[in-house]
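Thank you all for making time today. Please have a look at the structure on the screen, and I will then walk you through it, beginning with the words we need.

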Amino acid sequence: LKVKPDEELVLAATGGDLDSFLVLCQRYYPAMVAVTRAVLGDEHLCEDAVQEALAKACRKLDSLKKPSRFGAWLTAVCRNEARSVLRRTPKAESLGNRDVAEKMHEEDPDVELVRQAIANLPVDARELLYLKYRNELSYQTISDLLDITPQSVHGRLQRARQSVSEYVERQRDRRLS
């Protein structure tokens, strides 16, 4: 079975082929949940935000200038929708960091510290950690979704991991003092 490229699916969808848009939705859904989770944390709010973002994307698909950039465009739509939900729901907080923390530090007995460290990161750093550790996406795929180079993905992930490690060490040092 031949996998159709995004560009072909977008062109078909803008021509009225809703099945092509459905394929795109299925292709990107897990990554879009990760992007919204980095902003919102709450799983139900994330699902709602992704659904609303996909509906907006369907309505505005013909405004996409470069169909080959669908993934990056959809990521931006999802990120914006998540921020909109966050503005409407100020009590939303990042509670979904535990699974990412566990994958980052599988042998670390203090996953709660890692979770706290992730919660304290800027949204864009959390987004990278979710895409890499929760969705297990490659640097290339993440770079396509976020419209940055794979080298930038690597560097930003390295800085995010370093921030998490430094936070955990500071908290452990405080406990020992």
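Before I point at anything, let me say what I mean by a helix, since the places I name later are given relative to helices: helices here are DSSP runs of H or I with at least four residues, numbered from the N terminus. With that in hand, we can place Glu-136, which sits in the loop between α7 and α8. I should also say early on that what you see is a predicted model.

Let me start with the overall picture. The protein has 9 helices and 0 strands, and, read from the N terminus, its elements run α-α-α-α-α-α-α-α-α. Of its 177 residues, 46% count as buried, and the surface that the protein exposes comes to about 9800 Å², with carbon and sulfur atoms supplying 50% of that area. If we take the contacts between residues at least 6 apart in sequence, 63% of them join residues at least 24 apart.

Now to the interior. Which residues have the most contacts inside the largest nonpolar core? That core has 46 residues, and the ones with the most contacts inside it are Phe-21, Met-32, Leu-61, Phe-70, Leu-129, Leu-131 and Val-164. At least two residues of this core come from each of α1, α2, α3, α4, α6, α7, α8 and α9, and the largest share, 10 residues, is supplied by α2. To see one of these core residues in its surroundings, look at Leu-61, which, leaving out residues up to four places away in sequence, touches Val-10, Ala-13, Thr-14, Phe-21, Phe-70 and Trp-73. There is also a second, separate core of 7 residues, and among its members are Leu-40, Leu-45, Ala-49 and Ala-82.

Next, please turn to α8. Its buried residues are Ile-142, Ser-143, Leu-145 and Leu-146. Why do these residues lie on the same side of α8? They do so because they cover an arc of only 165 degrees around the axis. It may help to recall that an α-helix has 3.6 residues a turn, so residues three or four places apart point the same way. As for what covers the buried residues of α8, the list includes α2, α4, α7 and α9.

Let us stay in this part of the chain for two residues that deserve a careful look. The residue that follows α8 is Asp-147, which is found in the loop between α8 and α9. Its phi is near 60 degrees, a positive value in a residue other than glycine, and Asp-147 counts as exposed because its relative accessibility is 52%, where the cut-off for exposed is over 50%. Glu-136, which we have already placed, also is not a glycine and has a positive phi, of about 55 degrees. Glu-136 is exposed as well, with a relative accessible area of 59%.

Buried residues can carry charged names too, so let me take two of them. Is Glu-127, in helix α7, buried or exposed? Its relative accessibility is 3%, so Glu-127 counts as buried; apart from neighbours within four places in sequence, Glu-127 is in contact with Val-35, Ala-38, Arg-79 and Leu-146. Arg-115, in helix α6, has 18% relative accessibility and therefore counts as buried, given that the cut-off is under 20%. The C-alpha atoms of Arg-115 and Val-164 are separated by 8.8 Å, although these residues are 49 apart along the chain.

Gly-71, in helix α4, is buried, with a relative accessible area of 5%. Not counting residues up to four places away in sequence, Gly-71 touches Asp-6, Tyr-28, Asp-144 and Leu-145. From Gly-71 to Arg-27 the C-alpha distance is 9.4 Å, while the two are 44 residues apart in sequence.

That brings me to the last stop, the largest pocket, which holds about 150 Å³ of space. Its lining is made by Arg-27, Tyr-28, Pro-30, Ala-31, Asn-135, Leu-137, Thr-141, Asp-144 and Leu-145. The elements that give two or more residues to this lining are α2 and α8, and α2 gives the most, with 4 residues. If you look back at Gly-71, you will find Tyr-28, Asp-144 and Leu-145 among the residues it touches, and these three are included in the pocket lining.

Terms used. Residues numbered from 1 in each chain as written. Predicted model: local features only at pLDDT ≥ 70, side-chain atom pairs only at ≥ 80, totals over all residues. Heavy atoms only, no water. Core = buried A, V, L, I, M, F, W, Y, C linked by side-chain atoms within 4.5 Å. Buried < 20%, exposed > 50% of the residue type's maximum accessible area, 1.4 Å probe, protein only. Contact = heavy atoms within 4.5 Å. Arc of directions from axis to C-beta. Areas by Shrake-Rupley, 256 points an atom, 1.4 Å probe, with all protein chains shown as cover. 1 Å grid on protein atoms, 1.4 Å probe; cavity = no way out; pocket = protein on both sides within 12 Å on 5 of 7 lines; lining within 4 Å. Points joined across faces, edges and corners; volume = space filled by probe spheres on them.
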